[in-house]
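Please find below a few numbered remarks for a colleague who works with such models computationally. They may be read alongside the sequence and the coordinates, in the order given.

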Amino acid sequence: MKRYLKLTAALLSCMLLFGCTSTQVTIGQSTVSHSGASDGVESASSAQSSEAEQKDSYKDIKPDTKLKIYTYTEEKSDSIKAAEEIFKELYGVPKNTPEGYEADEDDVVVQIVPSEPLASIYYLLIFVQSGNPPDCYPASLFSYPYSVEYEDLFESVDDVLDFSDELWNDGAYTASALAREGKTYIPPVGVNIRYLLFYRTSVIKEHGLEDPWELYEKGEWTWSKFVEMSESFVGTQKNKYAVDGEQSLKPFLSTTGVPIIGTSNGKLVSNFKNPDISECVEMLTSYGANQKMLFYPKQQYSFSAPSLQRSEWVEGNTLFYVQTISYYERLLRLYKNREGRSDDEIAFVPSPTPDGKDTAYREAYISNSYMPVKGSENKEAYKAWIYSNLLLTQDESYRSRYIDSYKEKYDYTDELIERYEKVNAPGAFTPVFDYYEGYFDGRGFFNEHEPYLIFERACFCYDGSFEIYEEYIAEIEKEIDNYGKKE
């Protein structure tokens, strides 16, 4: 069993987990640990066995009923298909078919119960109340932890999984960082960098700039280098910008190591006034439209012109485009193919590290993990499913079966795969998970006052202060104070 990060499971999971949000932990697509968990990480942890189970004990699981997964995709993602094959190899096809199972094939072990993305938690509540719930739901911070404490939709996995098992490596620590009131709801199967800075190698060369990836490999990818490169690219030219993307500020805010909405002693906390956050916002504001003009001026287009912004990057007028790895699969690679560019035309690099800082904090997301739904009795199948995903993530023998077909499907080169492994490798970064999106039933937990938008507008439209948003911030903090109180 190899202990380093494996790319395939991370990539396979992107199509499934396209909407996940974040908070704060220690890395790992393979649950490997990072040093220096920063403020906002919950310290409570579930009591775990001090003795590891015998190696390969997961093979003794005896699922007897097929699994129902409630998710916001109508078809099985690549990661689900891959994990299903591992499930069948290890455990066979369960003999019992649950009520409402629609799959006709005898060898199918997983049934997808689809829903609309933003309304999935709302309809899941209906399933739970009906007494016929699905077995599990993709573990995304898009709805966690609000769905746990407000709607009581999920069960703890503490009695189902033992994170001291050798296969989980340092999973006990990772699980504790995501715990709620000392209980674990998210199995720490994988944790990956959420946002990357995509760039065109030909644009870098044309402007005589240092390759950001080479700077990263040398440990020189810092804020000062990023600013120097950005100012050189923008220069005195009109309509040239350094950074764009629908979430262009997020990877930079996370370099502080402080989540916008974090946790402390089991409770949500607001970090709007945190000095590190305030300093970062002040710096980002200086790069905005009113000063250095390094960021694309989204405020001129009401913050809602993603196709226009992307075309500026395609045409070489924007240096970096901030997005997820799945965005490369869905859109950026199509540009490369359409224009007949070389395989190495599109590259990426993580966000720069603040000068003088030893720890590289970056926003992260949970992948290949599932939360058990309240009321499901199919615990053995759920447990087998989690271990199937864990093996897909960690075991080279399973991973190698799928990587060639995945490379062909999404135009991944060996170089891109190696780079993605490196940026997510043990010790490469300390993850920051953030609860700023907070959706739990199709409507925002923070209503129309989405915390990240306050930062975006403060940086792009004003002077970096939050005075104009004091009323909104007070509303958000009121929601946080009421968090966990059921009517």
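**Salt bridges, cores and local backbone**

1. Asp152 is partly exposed, its relative accessible area being 31%. Please keep in mind throughout that the model is a predicted one. The side chain of Asp152 forms a salt bridge with Lys374, in which the closest N and O atoms are 3.8 Å apart; since a salt bridge is counted within 4 Å, the pair is included. The two partners come from distant parts of the chain, 222 residues apart, with Asp152 in the loop between helix H4 (146-149) and helix H5 (171-177) and Lys374 in the loop between E12 and helix H13 (379-394). Lys374, with a relative accessibility of 31%, also counts as partly exposed.

2. A salt bridge also joins Glu155 and Lys379, where the closest N and O atoms are 3.2 Å apart. Because Glu155 belongs to the loop between H4 and H5 whereas Lys379 is in helix H13, this pair ties together parts that are 224 residues apart in sequence. Lys379 is partly exposed, at 27% relative accessible area.

3. A further salt bridge is formed between the side chains of Arg338 and Glu339, with an N to O distance of 3.2 Å. Arg338 is exposed, at a relative accessible area of 59%, while Glu339, at 40%, counts as partly exposed. Across the whole structure, the search finds 15 salt bridges.

4. Turning to the interior, the largest nonpolar core consists of 96 residues, and Phe154 and Leu284 are the ones with the most contacts inside it. Helix H8 (residues 223-234) gives the most to this core, contributing 6 residues. There is also a second, separate core of 34 residues, and among its members are Tyr58, Ile112, Val160 and Ala384.

5. Which residues of helix H3 (residues 120-130) are buried? They are Ser120, Ile121, Leu124, Leu125 and Val128. These residues are on the same side of H3, because the arc they cover around the axis is only 140°. An α-helix has 3.6 residues a turn, so residues three or four places apart point the same way. After H3 comes Gly131, which has a positive phi near 90°.

6. Two residues other than glycine deserve a look for their backbone angles. Asn368 has a positive phi of about 55° although it is not a glycine; this residue is found in the loop between strand E11 (361-367) and strand E12 (370-372), and with 1% relative accessibility Asn368 counts as buried. Asp411, likewise not a glycine, has a positive phi near 60°; its place is in the loop between helix H14 (396-410) and helix H15 (414-423), where Asp411 is partly exposed at a relative accessible area of 21%. As buried means under 20% relative accessible area, the value of 21% leaves Asp411 in the partly exposed class.

7. Is Tyr435 buried or exposed? Tyr435 is buried, with a relative accessible area of 1%, and its position is in the loop between strand E13 (430-432) and helix H16 (451-461). The C-alpha atoms of Tyr435 and Pro451 are separated by 9.3 Å, the two residues being 16 residues apart along the chain.

How values were computed. Residues numbered from 1 in each chain as written. Predicted model: local features only at pLDDT ≥ 70, side-chain atom pairs only at ≥ 80, totals over all residues. Heavy atoms only, no water. Buried < 20%, exposed > 50% of the residue type's maximum accessible area, 1.4 Å probe, protein only. Helix = DSSP H or I, 4+ residues; strand = E, 2+ residues; numbered from the N terminus. Arc of directions from axis to C-beta. Core = buried A, V, L, I, M, F, W, Y, C linked by side-chain atoms within 4.5 Å.
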